[in-house]
Amino acid sequence: MNPELLEAGAARLAGARAARPGAVLSPGAVDLRHGRILYLDEVSVSFDGFQALDRLSLDIAPGELRCIIGPNGAGKTTMMDVITGKTRPDSGQVWFGATLDLLQYQESEIASLGLGRKFQKPSVFEALSVWDNLSLAVRGSRRVGAALWRPLSGEQRDRIDELLQLVRLRDCPERLAGLLSHGQKQWLEIGMLLAQDPQLLLLDEPVAGMTDQETERTAELFLSLRGRHSLVVVEHDMSFIARIAEKVTVLCEGRVLAEGTLPQVQADERVIEVYLGR
Ligand SMILES: Nc1ncnc2c1ncn2[C@@H]1O[C@H](COP(=O)(O)OP(=O)(O)OP(=O)(O)O)[C@@H](O)[C@H]1O
């Protein structure tokens with residue numbers, strides 16, 4: 001989560017709406033006519049001649065929980081960077097729903113379109129309580145200060161309660177975020193992202209550093225989000241993948257090497273060769 005990006009994005013979106021009146025720009029209004037929430041079409045990225053993504057094509061259905069696996073350097077983070085506007089591809093297209101060409105938007109605008117990204121390290125306001133972190137997110141304000149003094153509406157309080165329950169922090173709303181365990185911080189940040197009601201959430205190695213129990217709870221959380229949100233989860237922890245996987249995409253050398261159910265990709269000789277080992 002990047003507060004500055006969210007705020008700057010909201011401001012820019014107002015301008016973008018005026019400049020491109022035909023485009024669908026409001027979160028919640030992503031055009032799902034074609035049965036895809038995200039579509040990458042032959043996306044290529046090179047860094048100083050090194051091909052990080054090589055005509056990568058991928059699509060994600062609304063409400064889907066997609067797992068992305070692959071060896072180090074396969075291009076998983078680069079793919080996320082392209083989707084969120086951090087890296088511009090050399091060629092290819094990236095669509096959010098049927099009508100939003102993400103390559104036309106700045107990183108800050110994309111964050112406001114209903115597309116949330118969770119980086120590997122937790123990013124919460126450590127000096128604030130769990131409740132205050134969520135209240136800032138629910139208000140859509142990411143600036144600590146005056147925003148915290150404004151009273152919350154009944155609806156906003158209900159939403160915070162709902163999020164506390166969802167991310168399993170109902171027992172400790174007053175605890176300072178800095179005192180939470182690593183797993184709890186990750187859940188809090190996920191709760192803050194969910195407060196923005198994203199249609200698509202990109203999660204980069206969400207269970208890295210978690211205890212087994214936290215990993216299991218995270219699996220339960222993701223399974224409960226399925227259907228309401230589309231989730232793209234990049235993870236190396238195969239027992240976690242096994243717990244949540246529906247469809248798995250294996251990336252290798254910037255391309256899709258295999259795609260299918262976990263047993264299907266686990267049985268694929270090419271996947272065994274480059275990633276899973278014999
Ligand atoms: N800004 C950059 N400049 C140069 N090379 C880069 C840059 N970003 C990524 N790369 C290279 O592109 C390749 C793909 O990197 P990427 O981080 O996308 O892989 P990954 O699949 O996420 O790997 P990991 O599982 O280790 O996180 C790597 O070889 C990496 O060194």
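Two strands count as a pair when DSSP finds at least two bridges between them. Please keep that in mind for these legends, which all show a predicted model.

**View 1. Strand S4 pairs with strand S5 in an antiparallel way.** The two strands, S4 (residues 91-96) and S5 (100-101), are joined by 2 bridges. Look for Phe96, which stands opposite Leu100 in S5. Phe96 is also among the residues with the most contacts inside the largest nonpolar core.

**View 2. Four strands make up an open antiparallel sheet.** Reading across this sheet, the order is S2-S1-S4-S5. S2 and S5 are at the edges with a single partner strand each, so one side of each has no neighbour in the sheet. Helix H2 lies across S1 (38-47), S2 and S4, and its direction runs at about 65° to S2.

**View 3. Six strands make up an open sheet with mixed pairing.** Here the order is S6-S7-S8-S3-S9-S10. S6 and S10 (255-260) are the edge strands, and each pairs on one side only. On average, neighbouring strands in this sheet are turned by 20° against each other, direction ignored. H2 packs on this sheet too, touching S3 (65-69), S6, S7, S8 (230-234) and S9 (247-252). The direction of H2 makes about 150° with that of S7.

**View 4. Edge strand S6 runs parallel to S7.** The link between S6 and S7 (residues 200-204) consists of 4 bridges. One residue to pick out is Arg117, whose bridge partner in S7 is Leu202. In a regular strand, side chains alternate between the two faces of the sheet. In S6, Leu115 and Arg117 point one way, while Gly116 and Lys118 point the other way. Which of these four are buried or exposed? Leu115, Gly116, Arg117 and Lys118 are all buried.

**View 5. Helix H2 is largely enclosed by the rest of the structure.** Why can we say so? Of the 8 residues of H2 (residues 76-83), 7 are buried, so the helix is largely enclosed. The buried residues are Lys76, Thr78, Met79, Met80, Asp81, Val82 and Ile83. For Lys76 and Asp81, both buried, the label rests on a count: at least 20 other C-beta atoms lie within 10 Å. After the helix comes Gly85, which has a positive phi, near 80°.

**View 6. The ligand has a shell of residues to which H2 gives the largest share.** Which residues surround the ligand? They are Phe47, Phe50, Ala52, Gly70, Asn72, Gly73, Ala74, Gly75, Lys76, Thr77 and Thr78. H2 supplies 3 residues of the shell, and strand S2 (50-60), like H2, supplies at least two. Sorted by class, the shell holds 4 nonpolar, 6 polar and 1 charged residues.

**View 7. The largest nonpolar core contains 73 residues.** In soluble globular proteins, nonpolar side chains tend to be buried together. Those with the most contacts inside this core are Ile83, Phe96, Leu102, Leu134, Leu188, Val233 and Val250. Helix H7 (residues 182-195) provides the largest share of the core, 7 residues. Ile83 makes a good focus for the view: beyond its neighbours within four places in sequence, Ile83 contacts Leu38, Val94, Leu102 and Leu202.

**View 8. Ala127 is an exposed loop residue.** The loop that holds Ala127 lies between S6 (115-118) and helix H4 (130-139). Ala127 counts as exposed because it has 11 C-beta neighbours inside 10 Å, and the cut-off for that label is 12 or fewer. Leaving out residues up to four places away in sequence, Ala127 touches Leu176 and Gly178. From Ala127 to the core residue Val233, the C-alpha atoms are 29 Å apart, with their positions 106 residues apart in sequence.

**View 9. Gly63 sits in the loop between S2 and S3.** How exposed is Gly63? Gly63 is partly exposed, because 15 other C-beta atoms lie within 10 Å. Its contacts, not counting residues up to four places away in sequence, are Arg226, Gly227, Arg228 and Ser230. Gly63 and Val250 are 187 residues apart in sequence and 20 Å apart in space, C-alpha to C-alpha.

Methods. Residues are numbered from 1 along each chain as its sequence is written. This is a predicted model: local features need pLDDT of at least 70, side-chain atom pairs count only at pLDDT 80 or more; totals for chains, interfaces and linings use all residues. A nonpolar core is a set of buried Ala, Val, Leu, Ile, Met, Phe, Trp, Tyr and Cys residues joined through C-beta atoms within 7 Å. Two residues are in contact if their C-beta atoms, placed from the backbone, lie within 7 Å. A residue is near a molecule or strand if its C-beta atom, placed from the backbone, lies within 6 Å of it. Ala, Val, Leu, Ile, Met, Phe, Trp, Tyr, Cys and Pro count as nonpolar, Asp, Glu, Lys and Arg as charged, and the others, Gly among them, as polar. Axes are lines fitted to C-alpha atoms, for helices over the stretch in contact, and angles run from 0 to 180 degrees between N-to-C directions.
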